[in-house]
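Grab a coffee and open the viewer. Here are some short exercises to work through, each with its solution spelled out.

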Amino acid sequence: MILEKELYFLIPFYLFNFEDDFAKIEAGDMTVIDSFRTRFSELYDRLKERLEKGQIDVMTHHSIIMLTKKVVAALAQSKAAVKEEAEKIMGGQVIDYETKIIYRQGIEQGIEQVITDILLRGKSPEEVSDLCGYPLEQVQTVANKLNIK
């Protein structure tokens with residue numbers, strides 16, 4: 001329901017559905033743990049699927065997971081097993097990779113904005129390349145988007 005209605009901001013709070021089961025998870029009740037894994041994993045698998053299909057961007061996906069981690073940390077402060085299970089599902093390595101993608105995209109957008117600003121001030125692509133040290137092909141790509149020759 002959350003994903004169908006694109007209420008992504010509610011995903012971090014999905015963990016509240018399991019709060020009554022925390023004691024059983026901590027006690028090692030495999031029935032409850034398996035249920036938690038299945039339901040929580042399904043949500044994150046579907047979220048990842050939306051990312052892979054381009055229905056959400058990396059920044060949105062990353063933000064949802066980071067917010068969920070904050071909710072997990074606050075809600076399950078003294079529940080090590082709950083935190084561990086949630087972390088397994090959300091995956092730490094994926095977060096590191098997404099952070100790198102977001103960082104690179106930000107750099108690329110910043111460079112494109114600098115090139116755009118200088119081109120719009122009347123400099124030629126060759127001058128922009130020379131001034132900024134960006135490859136001429138990169139400057140030409142931006143100039144083409146702006147219909148500047």
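**Exercise 1. A lysine and its partner**

Find the residue that forms a salt bridge with Lys-145, and work out which parts of the chain the pair ties together.

*Solution.* Keep in mind that you're looking at a predicted model.

- Step 1: Look for the carboxyl partner. Lys-145 pairs with Glu-112, and the closest N and O atoms are 3.2 Å apart. The cut-off for a salt bridge is 4 Å, so the pair qualifies.
- Step 2: Place both ends. Lys-145 belongs to helix α7 while Glu-112 belongs to helix α5 (residues 92-120), so this contact ties together parts that are 33 residues apart in sequence.
- Step 3: Check how open each end is. Lys-145 has 54% relative accessibility and so counts as exposed. Glu-112 comes in at 31%, so partly exposed is the label there.

A bit of background: side chains of opposite charge can pair when their charged atoms come close.

**Exercise 2. Long reach or one turn?**

How many salt bridges does a search of the whole structure find? Take the pairs Glu-4 with Arg-46 and Arg-37 with Asp-34, and describe where each one sits.

*Solution.*

- Step 1: Get the total. The search turns up five salt bridges.
- Step 2: Go to Glu-4. Its side chain meets that of Arg-46 in a salt bridge, at 2.2 Å from N to O. This pair links distant parts of the chain, with Glu-4 in the segment before α1 and Arg-46 in helix α2 (residues 30-52), 42 residues apart.
- Step 3: Read the accessibility of that pair. Glu-4 is partly exposed at 47%, and Arg-46 is partly exposed at 28%.
- Step 4: Move along to Arg-37. This residue has a salt bridge with Asp-34, where the closest N and O atoms are 3.6 Å apart. Both residues lie in helix α2, three residues apart, or about one turn of the helix.
- Step 5: Check exposure again. Arg-37 is partly exposed with 29% relative accessibility, and Asp-34 is partly exposed with 36%.

**Exercise 3. Two helix pairs**

Classify how α6 packs against α7, then do the job again for α2 and α3.

*Solution.*

- Step 1: Start with helix α6 (residues 125-132) and helix α7 (residues 136-145). They pack at an angle of about 135 degrees, with axes 9 Å apart. That angle makes α6 oblique to α7.
- Step 2: Add the handedness. α6 and α7 make a right-handed crossing.
- Step 3: Turn to α2 and helix α3 (residues 58-75). Here the packing angle is about 160 degrees, and the axes are 9 Å apart. Angles over 145 degrees count as roughly antiparallel, so that's the label for α2 against α3.
- Step 4: Handedness once more. The crossing of α2 and α3 is left-handed.

**Exercise 4. A greasy patch**

Which residues form a nonpolar patch on the surface, and is Phe-13 buried, partly exposed or exposed?

*Solution.*

- Step 1: List the members. Phe-9, Leu-10, Phe-13 and Phe-16 make up the patch, and together they have about 400 Å² of accessible area.
- Step 2: Zoom in on Phe-13, which sits in the segment before α1 (22-26). With a relative accessible area of 44%, Phe-13 is partly exposed.

**Exercise 5. Positive phi**

What is phi for Glu-6 and for Asn-147, and where does each residue lie?

*Solution.*

- Step 1: Take Glu-6. Its phi is positive, about 55 degrees, although the residue is not a glycine. Glu-6 is in the segment before α1 and is exposed, with 52% relative accessible area.
- Step 2: Take Asn-147. Phi is near 60 degrees, again a positive value in a residue other than glycine. Asn-147 is in the segment after α7 and counts as exposed at 68%.

**Exercise 6. Sequence versus space**

How far apart in space are Leu-120 and Ala-80, and what separates Cys-132 from Val-114?

*Solution.*

- Step 1: Leu-120 and Ala-80 are 55 Å apart, C-alpha to C-alpha, with their positions 40 residues apart in sequence. Leu-120 is in helix α5 and is exposed at 57%.
- Step 2: Cys-132 and Val-114 are 18 residues apart along the chain, and their C-alpha atoms are separated by 8.9 Å. Cys-132 lies in helix α6 and is partly exposed, at 28%.

Notes. Residues are numbered from 1 along each chain as its sequence is written. This is a predicted model: local features need pLDDT of at least 70, side-chain atom pairs count only at pLDDT 80 or more; totals for chains, interfaces and linings use all residues. Side-chain values use heavy atoms; hydrogens and water are left out. Patches are made of residues with over 30% relative accessible area and no salt bridge: like charges are joined within 9 Å, nonpolar side chains (Val, Leu, Ile, Met, Phe, Trp, Tyr) within 5 Å. Accessible areas come from the Shrake-Rupley method with a 1.4 Å probe; for residues, only the protein chains shown count as cover. Helices (H or I, at least four residues) and strands (E, at least two) are DSSP runs, numbered from the N terminus. Buried means under 20% relative accessible area, exposed over 50%, partly exposed in between (1.4 Å probe, protein chains only). Axes are lines fitted to C-alpha atoms, for helices over the stretch in contact, and angles run from 0 to 180 degrees between N-to-C directions. Angles under 35 degrees count as roughly parallel, over 145 as roughly antiparallel, 65 to 115 as roughly perpendicular and the rest as oblique. A crossing is left-handed if the near helix is turned anticlockwise from the far one by less than a right angle, and right-handed if clockwise.
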